[in-house]
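Biologist: I should like a close look at a single part of this protein, taken strand by strand. Please give one connected account.

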Amino acid sequence: MAPTTDSAGNTEDAAAARASLETLRTEIAKAVVGQDPAVTGLVVALLCRGHVLLEGVPGVAKTLLVRALASALELDTKRVQFTPDLMPSDVTGSLVYDTRTAEFSFQPGPVFTNLLLADEINRTPPKTQSSLLEAMEERQVTVDGVPRPLPEPFLVAATQNPVEYEGTYPLPEAQLDRFLLKLTIPLPSREDEIDVLTRHASGFDPRDLRAAGVRPVAGPADLEAARAAVAETTVSAEITAYVVDVCRATRQSPSLTLGVSPRGATALLAAARAWAWLTGRDYVTPDDVKALALPALRHRVQLRPEAEMEGVTADSVINSVLAQVPVPR
């Protein structure tokens, strides 16, 4: 049966949105070298209305990556440097007394943006960390009993340093679970690092993305069309059961004290669905689930101390689970 005009139009919009999002890698590569998996992870999070935790040592372009993504998507972005003396109102906003009107008015904080870069989120106390919880989960901020909706799209990209723990406040499991994906930003290869230095020697300025040639190639309308298409991506009963089996297997792992929760299973399925659509399919395969298992689950498990001392990592446990759980045919 031939598609109706509306369905044909929606198909065309979805195809155009996919093409636009596929060009993001090329556009962001003008500013950031060799971080394609992180770019893909951020796009997947935007399609799933999720948030991302970026982990990497200082100097691997975590901040530049988020800024370049916002520029290529023509989205508003703000950066907050999380410090021990940062207050919740410094993030969410507060009521300010206006002497001219003799009334209190709300002054929005930096969270009122499309892409919020929460830099070194583990350097601020839990009180301030938790100020992001309502924004991340409910997409609103409540001040003085009044809920105030956040812009759409809205994504929190939080960064943390994996090697320096002095003066930090590790994120509790409940807050880690709010992040759709945890992406590790590795050090560049030798060739990529040579490319970085060559660009800087040629006058590249990371503070001026326009001069680097980064241009908007997609926008909120493309994201909306893409999200609608992702929602139509087919998930078979076998794939759903496979996701559940993978997550349940982590709860039985002898190396873990905490396995993946049902929210983690939901996150894995949503991420696999978005990835399947990005790769040009309207159905999810077991390979899609495997491709997103590490970023979707690595921050939702907790290692036993003895396993950690033996060098076991969350990634190795998840890879072991993937190797053991039967794959649907």
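Which residue in β5 does T77 stand opposite? Please begin there and then describe the surroundings of that strand.

Modeller: The model is a predicted one, and what follows describes it as such. T77 stands opposite L115 in β5. This pair belongs to the contact between β2 and β5, two strands that run parallel and are joined by five bridges.

On its other flank, β5 is joined to β8 by four bridges, again in parallel. Within that pairing, L116 has V156 of β8 as its bridge partner. The strand β8, residues 155-160, is in turn connected to β1 through four bridges, and these two strands also run parallel. Here E55 is found opposite Q160 of β8.

Taken together, these pairings form part of an open sheet of five strands, with parallel pairing and the order β2-β5-β8-β1-β9. The edges are occupied by β2 (77-81) and β9 (181-184); each has a single partner strand, so one side of each is left without a neighbour in the sheet. From one strand to the next, the twist averages 20°.

A helix also belongs to this picture. Helix α4, residues 62-72, packs on the sheet and touches β1, β2, β5 (115-119) and β8. The direction of α4 makes about 175° with that of β5.

How covered is β5 itself? Five of its five residues are buried. Both faces of the strand are covered, with L115, L117 and D119 buried on one side and L116 and A118 buried on the other.

The strand β1 offers a further example of burial. L53 lies in β1, which spans residues 52-55. With a relative accessible area of 0%, L53 is buried, since the threshold for that term is under 20%. Leaving out residues up to four places away in sequence, L53 touches I121, A158, Q160, L171, L176, F179, L181, K182 and L183. Q160, the residue opposite E55, is thus among the contacts of L53. The C-alpha atoms of L53 and R178 are separated by 9.7 Å, although the two residues are 125 places apart along the chain.

L53 can also be placed among the nonpolar cores of the model. The largest of these has 73 residues, and those with the most contacts inside it are L21, L47, L69, L268, W277 and L297. Helix α12, residues 262-278, gives the most to this core, with nine residues. L53 belongs elsewhere: a second, separate core of 23 residues includes L53, V80, V91 and F106. In general terms, nonpolar side chains of soluble globular proteins tend to be buried together.

For L47, one of the residues with the most contacts inside the largest core, the contacts beyond four places in sequence are L21, L223, A226, R227, V230, A274, W277 and L278.

Finally, several of the elements described above meet at a pocket. The second largest pocket has a volume of about 540 Å³. It is lined by 29 residues, of which G59, V60, A61, K62 and L64 are the closest to its centre. The elements that give two or more residues to this lining are α4, β2, β8 and α9 (190-201). The largest share, five residues, comes from α9. Thus α4, the helix that packs on the sheet, also contributes to the lining of this pocket, as do the strands β2 and β8.

Terms used:
Residues are numbered from 1 along each chain as its sequence is written. This is a predicted model: local features need pLDDT of at least 70, side-chain atom pairs count only at pLDDT 80 or more; totals for chains, interfaces and linings use all residues. Side-chain values use heavy atoms; hydrogens and water are left out. A nonpolar core is a set of buried Ala, Val, Leu, Ile, Met, Phe, Trp, Tyr and Cys residues joined through side-chain atoms within 4.5 Å. Buried means under 20% relative accessible area, exposed over 50%, partly exposed in between (1.4 Å probe, protein chains only). Contact means heavy atoms within 4.5 Å. Two strands pair if DSSP finds at least two bridges between them. Axes are lines fitted to C-alpha atoms, for helices over the stretch in contact, and angles run from 0 to 180 degrees between N-to-C directions. On a 1 Å grid over the protein atoms alone, a cavity is a set of points where a 1.4 Å probe fits but cannot get out, and a pocket is an open set with protein on both sides within 12 Å along at least five of seven lines; lining residues have an atom within 4 Å of a point. Grid points are joined across faces, edges and corners, and a volume is the space filled by probe spheres set on the points.
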